[in-house]
Amino acid sequence: MRVLVTGGAGYVGSVSVERLLQAGHEVTVLDDLSTGHRAAPADEARLVVGSYADRALVERLLAEGPIDALLHCGARSLVAESIADPARYYRDNVAGGIALLEAVRVTGVRRLVFSSTAAVYGVPAGSPIDEDAPLAPINPYGETKRTFECALGWYGRAYGLRSVSLRYFNVAGASELNGERHDPETHLIPNILIAVETGRPLTVFGTDYPTPDGTNIRDYIHVADLADAHLAALEATAPDDPRTADPLAAEDVDRGRALALNLGSANGFSVREVVAAAERVVGRSIPTAFGARRAGDPPILVAANERARDVLGWVPRRGSLDEMIGSAWAWRQRHPDGYPA
């Protein structure tokens, strides 16, 4: 399979590129390097510097490969930034996403996997969250991801596009080659490790949630498990695979199905549990400070994963906090300055 990976120089995308190469597939990476790193994609992958919103460029890449399937990891993904600058998120995630879909349509590519987000659910009424929960995002980031997911459904019905959207909350861990390096850093585990390295206290936002230890609970998935899911989802979009065929279409009508599947541990861990696991991994106490709750932070966000198990045969094989944090810590120690400029 020849795969085009948008955002393949980023954290999630680069590890997924590794997994695709390990499985014997040919990979082209398209990344504008605004948040990705030129050194992240494995040497066996072809790197093209550019934007997935550049329809002419994407059409050329899809046609000249030719490309069989597309893994779309490229998107803006900071909640606070999306609230402060929603125009950027609609421009990149929605308008850019439709430009990408138009390139897919006109070149005849009929297979796409979308690295989405569980932020499409907003603040759900119950937990764990399953795929039938209402989609009610509470920020432009989640709303733009939901909009693109909806477009996938209509492109499947009208143009035969087979797609899988994978929804998840927090990605953690590292591979041997690639780890998490963002500026600014907004995720809990890398910020814990930054506190270890710098001695600056980690701020825990809220200690009075209705949870066993008072801190909020979140779902985590190892980045390598996510890469496995991306590969399994791509395989499910094969032309003869019934999982992404529209069961309501007539036999002589080529209509694709848009699947949406949750990924996660189905358990979740509190902030205090994550800090305690990090202390076990690094072998020392971690300085912490305590602040007020952040507005809009729910007590518990955990994704059910039964449907991904049933449909894709996917199970999280690296689900312990110690393994996720341990791999991230090992990568940071090997790369104290992050990626080369």
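Start by selecting Asn262, which sits in strand 11, residues 258-262 (helices are DSSP runs of H or I with at least four residues, strands are runs of E with at least two, and both are numbered from the N terminus). You're in a predicted model, where local features need pLDDT of at least 70, side-chain atom pairs count only at pLDDT 80 or more, and totals for chains, interfaces and linings use all residues. Residues are numbered from 1 along each chain as its sequence is written, and side-chain values use heavy atoms, with hydrogens and water left out.

Is Asn262 buried or exposed? Asn262 counts as buried because its relative accessibility is 0% (buried is under 20% relative accessible area, exposed over 50%, partly exposed in between, with a 1.4 Å probe and protein chains only). Now add Tyr121: its side chain and that of Asn262 share a polar contact of 2.8 Å (a pair of N or O atoms within 3.5 Å; within protein, one must be able to donate a hydrogen and the other to accept it, and residues adjacent in sequence count only if both atoms are side-chain atoms). Leaving aside neighbours within four places in sequence, Asn262 is also in contact with residues including Asp130, Arg167 and Asn305 (contact means heavy atoms within 4.5 Å).

Next, bring up the sheet. It's open, with seven strands in the order 3-2-1-4-5-6-11 and parallel pairing (two strands pair if DSSP finds at least two bridges between them). Strand 3 (46-49) and strand 11 are at the edges with a single partner strand each, so one side of each has no neighbour in the sheet. From one strand to the next, the twist averages 15°.

Zoom in on strand 1 (residues 2-6) and strand 2 (residues 26-31): five bridges join this parallel pair. Val5 stands opposite Val29 in strand 2.

Now show helix 2 (residues 55-64), which packs on the sheet and touches strands 1, 2, 3 and 4, its direction making about 160° with that of strand 3 (axes are lines fitted to C-alpha atoms, for helices over the stretch in contact, and angles run from 0 to 180 degrees between N-to-C directions). Helix 7 (residues 223-236) lies across strands 1, 4, 5 and 6, at about 155° to strand 5.

Last stop: the largest nonpolar core, 36 residues, where Leu20, Val27, Leu71, Leu166, Val171, Leu263 and Leu312 touch the most other members (a core is a set of buried Ala, Val, Leu, Ile, Met, Phe, Trp, Tyr and Cys residues joined through side-chain atoms within 4.5 Å). Helix 7 supplies the largest share, nine residues.
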